[in-house]
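Here's a quick look at how this chain is put together, starting with the fold and ending in the core. Have the viewer open as you read.

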Amino acid sequence: MFFDFSSAFNTIQPRLLWDKLQLAGVDHHLTTWILDYLTHRPQFVRVQGFESDRLLCSTGAPQGTVLAPFLFTLYTADFLVQHTIMSSPEVL
């Protein structure tokens, strides 16, 4: 099995993470700060002095931050692994 986590931090949905942190008993002020940190972030591209329009991003974690891997780990910590062993017919 292969998992591609190259864009994993972009998949964090802040509201779902907030709910998970609340259920885990994390302080309300900290969860509110994290939600604020992850939502309504302005993003733009700058190339050779030219800038694109700014867009507000409210999913994922900011790239290159130390906090992003930690938040993704918290976001996925409650995922369950389920698998079944399938037997193949014997070759006669």
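In what order do the elements of the chain run from the N terminus on? They go α-α-β-β-β-β-α, and the tally comes to three helices and four strands. Keep in mind that this is a predicted model.

Some whole-chain numbers come next.

| Property of the chain | Value |
|---|---|
| Residues counted as buried, of 92 residues | 21% |
| Contacts joining residues at least 24 apart, among those between residues at least 6 apart in sequence | 49% |
| Share of the exposed area, about 7,900 Å², supplied by carbon and sulfur atoms | 62% |

Now zoom in on helix H3, residues 67-76. Its buried residues are Ala-68, Leu-71, Phe-72 and Tyr-75. They sit on the same side of H3, because they cover an arc of only 100° around the axis. That fits the general rule: an α-helix has 3.6 residues a turn, so residues three or four places apart point the same way. And what do the buried residues of H3 pack against? Helix H1 (14-23) and helix H2 (28-38).

On to the largest nonpolar core, which has 11 residues in all: Ala-8, Ile-12, Leu-17, Leu-21, Ile-34, Leu-38, Ala-61, Ala-68, Leu-71, Phe-72 and Tyr-75. H1, H2 and H3 each chip in at least two residues of this core, and H3 gives the most, with four. For a closer view, click on Ile-34: setting aside neighbours within four places in sequence, Ile-34 is in contact with Leu-17, Leu-21 and Leu-71. In soluble globular proteins, nonpolar side chains do tend to be buried together.

Conventions
Residues are numbered from 1 along each chain as its sequence is written. This is a predicted model: local features need pLDDT of at least 70, side-chain atom pairs count only at pLDDT 80 or more; totals for chains, interfaces and linings use all residues. Side-chain values use heavy atoms; hydrogens and water are left out. Buried means under 20% relative accessible area, exposed over 50%, partly exposed in between (1.4 Å probe, protein chains only). The arc is that of the directions from the helix axis to the C-beta atoms. Contact means heavy atoms within 4.5 Å. A nonpolar core is a set of buried Ala, Val, Leu, Ile, Met, Phe, Trp, Tyr and Cys residues joined through side-chain atoms within 4.5 Å. Accessible areas come from the Shrake-Rupley method with a 1.4 Å probe; for residues, only the protein chains shown count as cover.
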